[in-house]
Amino acid sequence: MFSKILIANRGEIALRIIRSCREMGIKTVAVYSTADEDSLHVRFADEAVCIGPPASRDSYLNIPRVIAAAEITGAEAIHPGYGFLAENASFSEICADSGLKFIGPRPEMISSMGNKSLAKDTVKRANVPTVPGSDGVVETLEDAVAVVTDIPFPVIIKASAGGGGKGMRIVRDHEGFEKAFMMAKAEAEKSFGNGDLYIEKYIENPRHIEIQILGDQHGNIVHLGERDCSIQRRHQKLIEESPSPAVDDALRARFGDAAVAAARSINYEGAGTIEFLLDASGHFYFMEMNTRVQVEHPVTEQVTGVDIVREQIRIAAGESIADIVLVPNGHSIECRINAEDPEKDFRPSPGTILSWHQPSGFGVRVESHAYQGYTIPSHYDSMIAKLIVHARTRDEAIARMSSALEEFIIEGVKTTIPFQAKVMRSEAFRSGVFDTHFLETFDFR
Ligand code: ADP
């Protein structure tokens with residue numbers, strides 16, 4: 001086992017990793033930008049190294065600085081968390097070349113899944129159902145037009161290098177298709193430095209269901225059940241739960257088999273998530289694979305009792321996951337608490353937290369790097385906490401979440417708490433019958 005790990009991330013996930021390391025008797029090194037001097041991950045790590053100014057490209061995304069921090073502190077492994085360098089194949093490679101263990105999959109696994117159209121091709125060969133669409137990247141406008149004569153509208157144009165809900169465009173008919181394609185190309189080039197696009201049938205009213213998997217270096221691959229992430233805003237997740245109210249045991253088994261087959265197709269190693277869309281008739285389609293720990297991993301931890309970060313570290317150290325025993329238990333929900341103003345179209349609301357009281361009690365978990373007096377830097381994402389509950393049933397979990405949201409008091413900045421509370425109280429959410437368009441018709445004002 002490693003004796004020291006560097007965490008190449010910030011915020012709640014950096015703290016989350018520190019916690020698992022401490023329990024495992026592993027020393028930790030935090031890295032931070034000058035904007036994060038007062039962040040809790042800096043305080044709770046055994047050592048902390050400032051790696052640059054606020055802009056991510058000069059600090060958290062600056063590979064030479066991260067590697068240098070690992071070298072001077074004598075860390076043996078690097079945990080990348082999510083975002084930043086977590087899905088950067090060349091970072092994984094540079095770690096290996098520098099004699100540092102990257103806690104995640106090998107570079108070739110990241111590359112084969114990081115490019116979304118390539119990923120679809122790969123899993124298709126393993127007989128995993130994928131969303132009907134173009135065969136890989138569509139190079140020219142003529143090719144694009146040919147694709148949409150084969151698959152009926154509506155379609156979704158996606159950037160191969162896209163992520164985080166960005167780089168997608170829905171087109172409902174021929175009229176406007178050409179313009180949309182050209183605009184999507186320009187946008188992808190600008191945002192991701194890669195103009196590659198592919199086209200998919202737009203699945204109407206799907207649920208977003210994803211399967212957590214773990215694979216070790218000995219060929220063992222297990223799945224830890226599903227998460228339902230259908231409550232989204234502009235393709236960004238806001239509330240996640242496990243199990244999904246739309247998935248029964250038979251469907252779960254089919255999802256699990258497909259996810260394991262997808263992971264096996266690249267001999268996957270580490271923690272990963274296979275994302276699917278589930279349509280109203282019970283068909284599901286592979287969408288993409290994330291080769292890292294997800295923001296919403298805690299709901300799976302709650303219902304399975306498996307510490308996913310601990311498993312990532314054990315896998316990287318060469319240990320076997322054959323001993324994992326799965327006894328799924330109860331229901332878990334996560335709300336992402338963002339410093340945003342739901343009344344003003346979720347506009348970011350950075351600033352200083354004047355008061356902070358976080359909920360606690362039976363079945364309540366908070367993952368956060370914030371505290372009273374903490375100033376939220378404007379340079380990074382706006383998530384300031386994740387509130388997770390666990391209960392015996394979905395109804396009890398909703399009641400527990402409603403109560404916990406009531407108790408969560410944050411003053412000084414606007415947050416998504418009042419919005420989340422309204423969702424919990426709504427019949428639409430309680431019924432369990434909803435899809436990714438939930439918010440479009442939900443009146444939360
Ligand atoms: P990202 O990597 O940016 O998160 P995803 O490919 O995971 O992008 O898609 C994010 C969300 O976009 C999905 O959860 C779903 O709501 C919507 N979406 C993506 N592809 C389709 C599709 N073919 N049909 C309908 N909705 C889609």
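Where is the place of Pro243? Pro243 sits in the loop between strand S11 (236–242) and helix H9 (249–264), and a little further down you will meet its cis peptide bond. This is a predicted model, in which local features need pLDDT of at least 70 and side-chain atom pairs count only at pLDDT 80 or more, while totals for chains, interfaces and linings use all residues. Residues are numbered from 1 along each chain as its sequence is written, and side-chain values use heavy atoms, with hydrogens and water left out. Helices (H or I, at least four residues) and strands (E, at least two) are DSSP runs, numbered from the N terminus.

**The ligand and its shell**

- The ligand has 21 residues around it, and Lys158, Gly165, His208, Gln232 and Glu288 come nearest; a residue is near if one of its heavy atoms lies within 4 Å.
- Domain 2 (132–201) and domain 3 (207–441) both contribute to this shell, so the ligand lies between them; the domain bounds come from an automatic or database domain assignment.
- Strands S6 (155–163), S7 (166–171), S8 (197–201), S12 (270–278) and S13 (284–290) each supply at least two shell residues, and S6 gives the largest share, with three.
- By character, the shell divides into seven nonpolar, seven polar and seven charged residues. Here Ala, Val, Leu, Ile, Met, Phe, Trp, Tyr, Cys and Pro count as nonpolar, Asp, Glu, Lys and Arg as charged, and the others, Gly among them, as polar.

**Polar contacts of the ligand**

- A polar contact is a pair of N or O atoms within 3.5 Å; within protein, one must be able to donate a hydrogen and the other to accept it, and residues adjacent in sequence count only if both atoms are side-chain atoms.
- Two side chains reach oxygen atoms of the ligand with an N or O atom: Gln232 at 2.7 Å and Lys116 at 3.0 Å.
- A polar backbone atom of Lys201 is 3.0 Å from a nitrogen atom of the ligand.
- Taken alone the ligand exposes 560 Å², and the protein buries 95% of that; the areas come from the Shrake-Rupley method with a 1.4 Å probe, and for residues only the protein chains shown count as cover.

**Sheet and hairpin**

- Five strands make an open sheet with parallel pairing, in the order S3-S2-S1-S4-S5; strands pair if DSSP finds at least two bridges between them.
- The edge strands, S3 (47–52) and S5 (101–102), each pair on one side only.
- Within this sheet, S1 (residues 4–7) and S4 (residues 77–79) pair in the parallel sense over three bridges, and Leu6 stands opposite Ile78 in S4.
- S6 and S7 pair in the antiparallel sense over five bridges, with Lys166 in S7 as the bridge partner of Gly163.
- The hairpin of S6 and S7 has two residues between the strands, and Gly164 there takes a positive phi near 60°.

**Aromatic pairs**

- Rings of Phe, Tyr and Trp (its six-membered ring) pair if their centres lie within 6.5 Å; planes under 30 degrees apart count as stacked, over 60 as edge-to-face and the rest as tilted.
- By this rule there are 16 aromatic pairs. One of them joins Phe84 and Tyr380, whose ring centres are 6.5 Å apart with planes at 75°, so the pair is edge-to-face.
- Phe84 lies in the loop between S4 and helix H4 (89–97) and Tyr380 in the loop between strands S20 (375–376) and S21 (383–391), so the pair ties together parts that are 296 residues apart in sequence.

**Backbone points to check by eye**

- Ser242 and Pro243 are joined by a cis peptide bond, with omega about -5°.
- The peptide bond from Phe153 to Pro154 is cis, with omega near 0°, and Pro154 lies in the loop between helix H7 (141–150) and S6.
- Asn267, a residue other than glycine, has a positive phi near 50° and sits in the loop between H9 and S12.
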